[in-house]
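Q: I would like a close look at a single part of this structure, followed outward to its surroundings. Please take it step by step.

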Amino acid sequence: PVLQVLGHSGAVTMVTFAPENPTLLASVSEDSDVRVWDLNQRDAAESMHGGTCTGIAVAPDGSFAATVGWDGYLKVLGLRGRQPSVEASLWCEGPVRGVCVLADSDSIVTGGNDNVVR
């Protein structure tokens, strides 16, 4: 079956499921919104990245989501009432396009237009 969730006002640039929770869907878009959808409730918690988002990854334990975007920043957003949000400049020249959270949930890897994986 096809499931549709609505809420972004800009083009959706990436979606991902939480590895340990298949009812938790995260999406980012050109409207700067980061949405984490509870597919059982069909509602979303929302936060702002601050610029066009190009990538999102959810920690395997579901405790946080990491987002990256055109602004060259990595932002870590606490999920389900866990940990406060943090922001870090990656010293990337240009947009950051991809992000991955490693299985231990302690490390985040990014890649961007400057041809560097961090």
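Where is the place of A103, and what can be said about its surroundings?

A: In this predicted model, A103 has its place in the loop between strand 9 and strand 10, and D104 is found in that loop as well, with strand 9 covering 96-101 and strand 10 covering 108-112. A103 has a relative accessible area of 73% and therefore counts as exposed, the cut-off for that class being over 50%. D104, at 47% relative accessibility, falls under partly exposed because this class lies between 20% and 50%.

The loop residue A103 also has a neighbour from a distant part of the chain: P19 is 84 residues away along the sequence, while the C-alpha atoms of A103 and P19 are separated by 9.4 Å. On the surface, D104 gathers with E20, D61 and D106 in a patch of negative charge.

Away from this loop, the interior can be described through its nonpolar cores. The largest of them is made up of twelve residues, among them A18, L24, V36, C53, I56 and L79. Strand 2 (21-29), strand 3 (33-38) and strand 5 (53-58) are the elements that each give two or more residues to this core. A second core, separate from the largest one, has ten residues, including A57, A66, V68 and V99.

Charged side chains should be considered too, since side chains of opposite charge can pair when their charged atoms come close. A search of the whole structure finds three salt bridges. In one of them, the side chains of R35 and D33 meet with an N to O distance of 3.3 Å, and both R35 and D33 are buried.

Another joins the side chains of K75 and D71 at 4.0 Å, again N to O. Here K75 has a relative accessible area of 10% and is therefore buried, whereas D71 counts as partly exposed because its relative accessibility is 30%.

There is also a salt bridge between D114 and R118, whose closest N and O atoms are 3.0 Å apart. D114 counts as buried because its relative accessibility is 18%, while R118, at 34% relative accessibility, counts as partly exposed.

To return to the part you asked about, the loop between strand 9 and strand 10 holds A103, which is exposed, together with D104, a member of the negative surface patch.

How values were computed: Residues numbered from 1 in each chain as written. Predicted model: local features only at pLDDT ≥ 70, side-chain atom pairs only at ≥ 80, totals over all residues. Heavy atoms only, no water. Patch = residues over 30% accessible without salt bridge, like charges linked within 9 Å, V, L, I, M, F, W, Y side chains within 5 Å. Areas by Shrake-Rupley, 256 points an atom, 1.4 Å probe, with all protein chains shown as cover. Lys, Arg positive; Asp, Glu negative; His and termini not counted. Charge placed at Lys NZ, Arg CZ, Asp CG, Glu CD. Helix = DSSP H or I, 4+ residues; strand = E, 2+ residues; numbered from the N terminus. Buried < 20%, exposed > 50% of the residue type's maximum accessible area, 1.4 Å probe, protein only. Core = buried A, V, L, I, M, F, W, Y, C linked by side-chain atoms within 4.5 Å.
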